[in-house]
Amino acid sequence: MAVADDIALIKRQEEILVFPAFDEAVAFKIGSAIRDRALTENLPVIVDIRTFDRPLFYAAMPGSNASNPDWARRKINVVKRFLKSTYRMVLEQQRPDRTFKMGEGLDIADYVLAGGGFPVTVKGAGVIGVIAVSGLPERQDHGVVVEALCNHLGINGRELALPPEAK
């Protein structure tokens, strides 16, 4: 699958994975589902779910490390700034150094091009927050979030899942 195809599919994910409402209880359900999967599959991730004004859920799994929360924080900043998933930004920007172009004025200490941050979009309100996963290769981080959202929203995840990355 070409990069353009991946970008188109991620845009579709962002359009379809919209909540009728989002609050602390929803964040807890989704965060707990990701945590349960991580424990079952031994995924060394952290999960950080928040609205733009406060944290709602956080969990660190065995094997995650001290840099994962910082990666998640920088992914969250990217979603907040651009209102789209960080993996989509990675594919659109095509910057192997993980930084934004100089003219963007975005400090590497606060912004990173790395998959795993996904916008929390509420129907009628727009993007209000972020679900971030950090600890796996970026395409997998992204996939963990998308699968959890599909499961929560009752959407067939097979139709929205990115295919395995071509080697």
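**Core.** I started with the largest nonpolar core of this predicted model. It has 42 residues, and Phe22 and Ile30 touch the most other members. I then listed the elements that give two or more residues to this core: α1 (3–16), α2, β2, β3, α4, β4, β5 and α5. The largest share comes from α5, with 6 residues. I also found a second, separate core of 6 residues. Among its members are Ile46, Ala72, Val79 and Ala132. I note as background that nonpolar side chains tend to be buried together in soluble globular proteins.

**Isoleucine 30.** I looked up what isoleucine 30 touches, not counting residues up to four places away in sequence. The list is Phe19, Phe22, Ile49, Ile131, Ala148, Leu149 and His152. Phe22 is thus both a contact of isoleucine 30 and, with Ile30, one of the two residues that touch the most other core members.

**Helix α2.** Ile30 is one of the buried residues of α2. The others are Val26, Ala27, Gly31, Ser32, Ile34 and Ala38. I checked what these buried residues pack against. I found four strands and a helix: β1 (18–19), β2 (46–51), β3 (54–60), β5 (126–134) and α5 (138–153).

I checked the length of α2 next. The helix covers residues 24–41, which is 18 residues. At 1.5 Å a residue it should span 26 Å, and its end C-alpha atoms are 25 Å apart, so the two values agree.

What caps the N-terminal end of α2? Aspartate 23 does: a side-chain oxygen lies 3.1 Å from the backbone nitrogen of alanine 25. At the other end, α2 is followed by asparagine 42.

**Positive phi.** Asparagine 42 has a positive phi of about 55°, although it is not a glycine. I kept in mind that most residues other than glycine have a negative phi. I placed asparagine 42 in the loop between α2 and β2. Is asparagine 42 buried or exposed? Its relative accessible area is 65%, over the 50% cut-off, so I count it as exposed.

I noted glutamine 94 as well. Its phi is near 50°, again positive in a residue other than glycine. Glutamine 94 sits in the loop between α4 (86–93) and β4.

**Sheet.** I traced an open sheet of 5 strands with mixed pairing. The order is β1-β4-β5-β2-β3. Which strands are at the edges? They are β1 and β3, each pairing on one side only. I looked at how β1 meets β4 (residues 117–122): the pairing is parallel, over 2 bridges. Phenylalanine 19 stands opposite valine 122 in β4. Phe19 also appears in the contact list of isoleucine 30.

I then followed α5 over the sheet. It lies across β1, β4 and β5 and runs at about 125° to β5.

**Leucine 160.** My last stop was helix α6 (residues 157–160), which holds leucine 160. Leucine 160 has a relative accessible area of 1%, under the 20% cut-off, so I count it as buried. What is leucine 160 in contact with, leaving aside neighbours within four places in sequence? I found Leu9, Arg12, Gln13, Ile16, Leu17, Val146, Cys150 and Ile155. I also took one C-alpha distance: leucine 160 and phenylalanine 82 are 78 residues apart along the chain and 21 Å apart in the model.

How values were computed:
Residues are numbered from 1 along each chain as its sequence is written. This is a predicted model: local features need pLDDT of at least 70, side-chain atom pairs count only at pLDDT 80 or more; totals for chains, interfaces and linings use all residues. Side-chain values use heavy atoms; hydrogens and water are left out. The expected span of a helix is 1.5 Å times one less than its number of residues. Buried means under 20% relative accessible area, exposed over 50%, partly exposed in between (1.4 Å probe, protein chains only). Contact means heavy atoms within 4.5 Å. A polar contact is a pair of N or O atoms within 3.5 Å; within protein, one must be able to donate a hydrogen and the other to accept it, and residues adjacent in sequence count only if both atoms are side-chain atoms. Two strands pair if DSSP finds at least two bridges between them. Axes are lines fitted to C-alpha atoms, for helices over the stretch in contact, and angles run from 0 to 180 degrees between N-to-C directions. A nonpolar core is a set of buried Ala, Val, Leu, Ile, Met, Phe, Trp, Tyr and Cys residues joined through side-chain atoms within 4.5 Å.
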